[in-house]
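User: Could you take a close look at one part of this model for me, and show how that part sits in the rest of the fold? I'd enjoy a connected walk-through rather than a list.

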Amino acid sequence: MNAATAAGLLHLIAAEPTLLAAASADTSESDLDHRARNEDHPCLGCGSPARCAVIVNSTTAGPRWLDLCSACWHTVRRANHFAGQE
Ligand SMILES: [Zn+2]
């Protein structure tokens with residue numbers, strides 16, 4: 001996934017947060033860890049096994065899971081930084 005794809009992904013998530021699985025409002029650090037390590041989710045960017053799980057707090061749809069492999073996670077973080085959303 002390149003930076004343009006990552007930016008597109010972030011826009012898509014902002015527009016359609018319901019594409020992501022709903023997360024519980026009181027998700028803790030260990031829940032993030034458990035999802036990334038012990039559950040089997042595909043990376044939203046490329047379909048590889050996800051290694052990172054983060055919560056996206058949507059204003060319209062509430063907390064949502066975003067599953068990414070390490071490579072996509074780095075790309076998305078950079079794209080997010082450039083978009084000034086950090
Ligand atoms: Zn990926």
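Analyst: Happy to. One definition first: two residues are in contact if their C-beta atoms, placed from the backbone, lie within 7 Å. With that in mind, let us look closely at Cys69 and its surroundings. Please remember throughout that this is a predicted model.

Leaving out residues up to four places away in sequence, Cys69 touches Cys43, Cys46, Ser48, Pro49, Ala50 and Arg51. Two of the names that matter here come up again in the largest nonpolar core, which has 16 residues: Cys43 and Cys69 are among those with the most contacts inside that core, together with Leu68, Cys72 and Val76. Helix 1 (3-15), strand 2 (62-68) and helix 3 (70-82) are the elements that give two or more residues to this core. Helix 3 supplies the largest share, four residues. As general background, nonpolar side chains tend to be buried together in soluble globular proteins.

Now to the strands. Strand 1 (residues 52-58) pairs with strand 2 in the antiparallel sense, over seven bridges. The two strands form a hairpin, with three residues between them. Leu68, one of the core residues with the most contacts, is the bridge partner of Cys52. Elsewhere in the pairing, Ile55 of the hairpin faces Trp65 in strand 2.

Helix 2 comes into the picture through Ala36, which is found in that helix, residues 29-38. Ala36 and Cys69 are 33 residues apart in sequence, yet their C-alpha atoms are 9.3 Å apart in space. Not counting residues up to four places away in sequence, Ala36 touches Ala50, Arg51, Cys52 and Ala53. Ala50 and Arg51 are also among the residues that Cys69 touches, and Cys52 is the residue that bridges to Leu68. Is Ala36 buried, exposed or partly exposed? Ala36 is partly exposed, because 18 other C-beta atoms lie within 10 Å, and a residue needs 20 or more to count as buried.

Asp33 is found in helix 2 as well. Asp33 is exposed, because it has 11 other C-beta atoms within 10 Å, where the limit for exposed is 12 or fewer. Asp33 and Ala53 are 20 residues apart in sequence, and 7.4 Å separate them in space, C-alpha to C-alpha.

Stepping back, the protein has three helices and two strands, and along the sequence they follow the pattern α-α-β-β-α. Among contacts between residues at least 6 apart in sequence, 59% join residues at least 24 apart. Its radius of gyration is 12 Å, which agrees with the value near 12 Å for a compact globule of 86 residues. The C-alpha atoms fill a box of roughly 30 × 30 × 20 Å along the principal axes, and 23% of the 86 residues count as buried.

Lastly, a word on confidence. The mean pLDDT of the protein is 90, and 94% of its residues reach 70 or more. Strand 2 has the highest confidence, at 95, whereas helix 3 has the lowest, at a mean of 87.

Conventions: Residues are numbered from 1 along each chain as its sequence is written. This is a predicted model: local features need pLDDT of at least 70, side-chain atom pairs count only at pLDDT 80 or more; totals for chains, interfaces and linings use all residues. The radius of gyration is taken over C-alpha atoms; the globule rule is 2.2 Å times the number of residues to the power 0.38. A nonpolar core is a set of buried Ala, Val, Leu, Ile, Met, Phe, Trp, Tyr and Cys residues joined through C-beta atoms within 7 Å. pLDDT is the predictor's confidence in each residue, from 0 to 100. Two strands pair if DSSP finds at least two bridges between them.
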